[in-house]
Amino acid sequence: MTDYIKITERSSNHDHLEKMSTNEILEGINQEDKRVAEAVEQVLPQLAQLIDGIVERFEKGGRLFYIGAGTSGRLGILDASEIPPTFGMPHDRVIGLMAGGDVAIRKSVEHAEDDTQQAWKDLMEYDINANDSLVGIAASGTTPYVLGGIEDAKKHGILTGGITNNPGSPLAQLADVPIEINVGPEFLTGSTRMKSGTSQKLALNMISTALMIRAGRVKGNKMVNMQLSNNKLVDRGTRYLVEALGLDYDEAQKALKEHGSVKNAIEALK
C-alpha cells in the first residue's frame with residue numbers, strides 16, 4: 001500500500017470547544033456538515049459505476065452485502081434493514097454485517113474489528129458467491145475486519161466496493177470500485193461518527209435506493225411494494241391508490257388489503 005494522508009485524524013478546524021457556548025458548538029458542527037453533500041457529489045460517477053455493477057448481479061439473483069465496524073457497520077445494517085419494509089424485498093437480498101455480530105449493534109465489542117479473518121467467516125455463513133456484491137464501509141479505510149473481507153471476496157470473483165473518508169487508503173486501493181468521500185477533518189477531532197458517518201449514510205441511501213428503483217420496486221415516485229406492516233403504511237398505500245386510480249379512500253383501502261400491495265392493486269384495477 002502507498003502512503004496516504006489520514007484526513008479523518010487531522011486536527012479539527014475548530015479549537016477550544018470546551019469554551020464555546022451551545023450556539024457556537026451548533027454553528028460549528030453545522031458549518032462542517034455543509035461540506036458533506038458537496039463531498040458526496042464528487043464521487044457520484046464512482047457510485048454510479050458501483051451501482052450498475054451491483055444491479056447487473058442483482059438481476060441475476062445476486063445479493064448485496066455490507067460489512068463494517070462501529071458506526072460504519074451500524075449504518076450498513078440500518079440501510080439493509082430498511083429494504084424489506086420500504087421496497088417489499090425479501091430480507092435476504094440486502095444484508096448488513098458488522099464486526100462483533102449483532103451484539104455490537106448496541107454495545108462495542110472489544111477488538112472485534114481487528115480480526116482480518118472474521119468478515120469472510122461471517123460472509124460464508126450466507127454462502128456468498130460470485131453473483132453477489134460486497135461493499136466495505138470504513139471511514140479510516142484501514143479497518144482489518146473490512147479489509148480482510150474485501151480481500152477474500154476479490155479472490156472469489158465477487159464485485160467489491162469500498163466507502164471510505166480517506167482517499168488513497170488501503171480500502172480505497174483494495175476495492176474494485178473505491179468511493180472516497182473527503183469530508184475533511186471532523187468538528188471533534190477523529191470523531192468519524194459525525195461528518196464521515198453522515199457521508200456514508202448519504203452514499204448508502206443512494207446505493208440502495210437506486211438499486212431498488214433499477215430492480216423495479218418503484219413506480220413513478222412511489223414505494224409501490226412497501227410492506228403494509230402498520231397503520232401509517234396502510235394509509236400511505238391507500239393514498240397512493242386514491243391518486244393513481246381515482247378511487248375514494250375506502251375503495252382504495254379495500255383494494256389495497258385485497259391485493260396486498262400498491263403495485264398489485266394498480267395492476268389488477270387499471
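Begin by selecting strand β3 (residues 133-137) together with strand β4 in this predicted model: the two strands run parallel and are joined by 5 bridges. If you then pick out Ile137, you will find that its bridge partner in β4 is Ile163. Add helix α6 (residues 144-155) to the selection, and you have the three parts, β3, α6 and β4, of a right-handed β-α-β unit.

Now keep β4 and add strand β5 (residues 177-180), which runs parallel to β4 and is joined to it by 4 bridges. Within this pair, Gly162 stands opposite Pro178 in β5.

Before leaving β4, look at its side chains: which residues point one way from the strand, and which the other? Leu159, Gly161 and Ile163 point one way, while Thr160, Gly162 and Thr164 point the other way, and all of them are buried. Because 6 of the 6 residues of β4 (residues 159-164) are buried, the strand is largely enclosed by the rest of the structure.

Next, select Tyr66, Ile163, Ile181 and Ile207, which are the residues with the most contacts inside the largest nonpolar core, a set of 31 residues. Helix α2 (residues 44-58) gives the most to this core, with 6 residues. In soluble globular proteins, nonpolar side chains tend to be buried together. To see the surroundings of one of these core residues, centre the view on Tyr66, which, leaving aside its neighbours within four places in sequence, is in contact with residues including Val94, Ile95, Leu97, Val135, Ile137, Leu204 and Ile207. Apart from this core lies another, of 21 residues, among them Ala112, Ile150, Leu171 and Leu174.

The tour now turns to charged side chains. The model has 8 salt bridges in total, and a good place to start is Glu32, which is linked with Arg35 and Lys195 in a network of salt bridges. Arg35 and Glu32 have their closest N and O atoms 3.0 Å apart, and, being 3 residues apart in helix α1 (residues 22-41), they are separated by about one helical turn. Are these two residues buried or partly exposed? Glu32 is buried, with a relative accessible area of 1%, whereas Arg35 is partly exposed, at 38%.

On the other side of the network, the side chains of Lys195 and Glu32 meet in a salt bridge of 2.7 Å, N to O. Lys195 lies in helix α8 (residues 195-214) and Glu32 in helix α1, so this pair ties together parts that are 163 residues apart in sequence. Lys195 is buried, with a relative accessible area of 2%.

Return to helix α6 and select Lys154, whose side chain meets that of Asp176 in a salt bridge of 3.9 Å, N to O. Lys154 lies in α6 and Asp176 in the loop between α7 (170-174) and β5, so the pair ties together parts that are 22 residues apart in sequence. Lys154 is partly exposed, with a relative accessible area of 34%, and Asp176 is partly exposed as well, at 38%.

Two loop residues complete the tour. Gln117, in the loop between β2 (94-98) and α5 (118-124), is partly exposed, with a relative accessible area of 46%, and a polar contact of 3.2 Å joins its side chain to that of Thr116. Although Gln117 and Gly148 are 31 residues apart in sequence, their C-alpha atoms are 6.0 Å apart in space. Finally, select Ser261, in the loop between α10 (249-259) and α11 (262-269), where this residue is buried, with a relative accessible area of 7%. Leaving aside its neighbours within four places in sequence, Ser261 is in contact with Val224, Leu228 and Leu256.

Conventions:
Residues numbered from 1 in each chain as written. Predicted model: local features only at pLDDT ≥ 70, side-chain atom pairs only at ≥ 80, totals over all residues. Heavy atoms only, no water. Core = buried A, V, L, I, M, F, W, Y, C linked by side-chain atoms within 4.5 Å. Buried < 20%, exposed > 50% of the residue type's maximum accessible area, 1.4 Å probe, protein only. Contact = heavy atoms within 4.5 Å. Pairing = 2+ DSSP bridges. Right-handed = clockwise from strand over helix to strand, strands pointing away. Polar contact = N/O pair within 3.5 Å; in protein donor to acceptor, adjacent residues only side chain to side chain. Salt bridge = Lys/Arg side-chain N within 4 Å of Asp/Glu carboxyl O.
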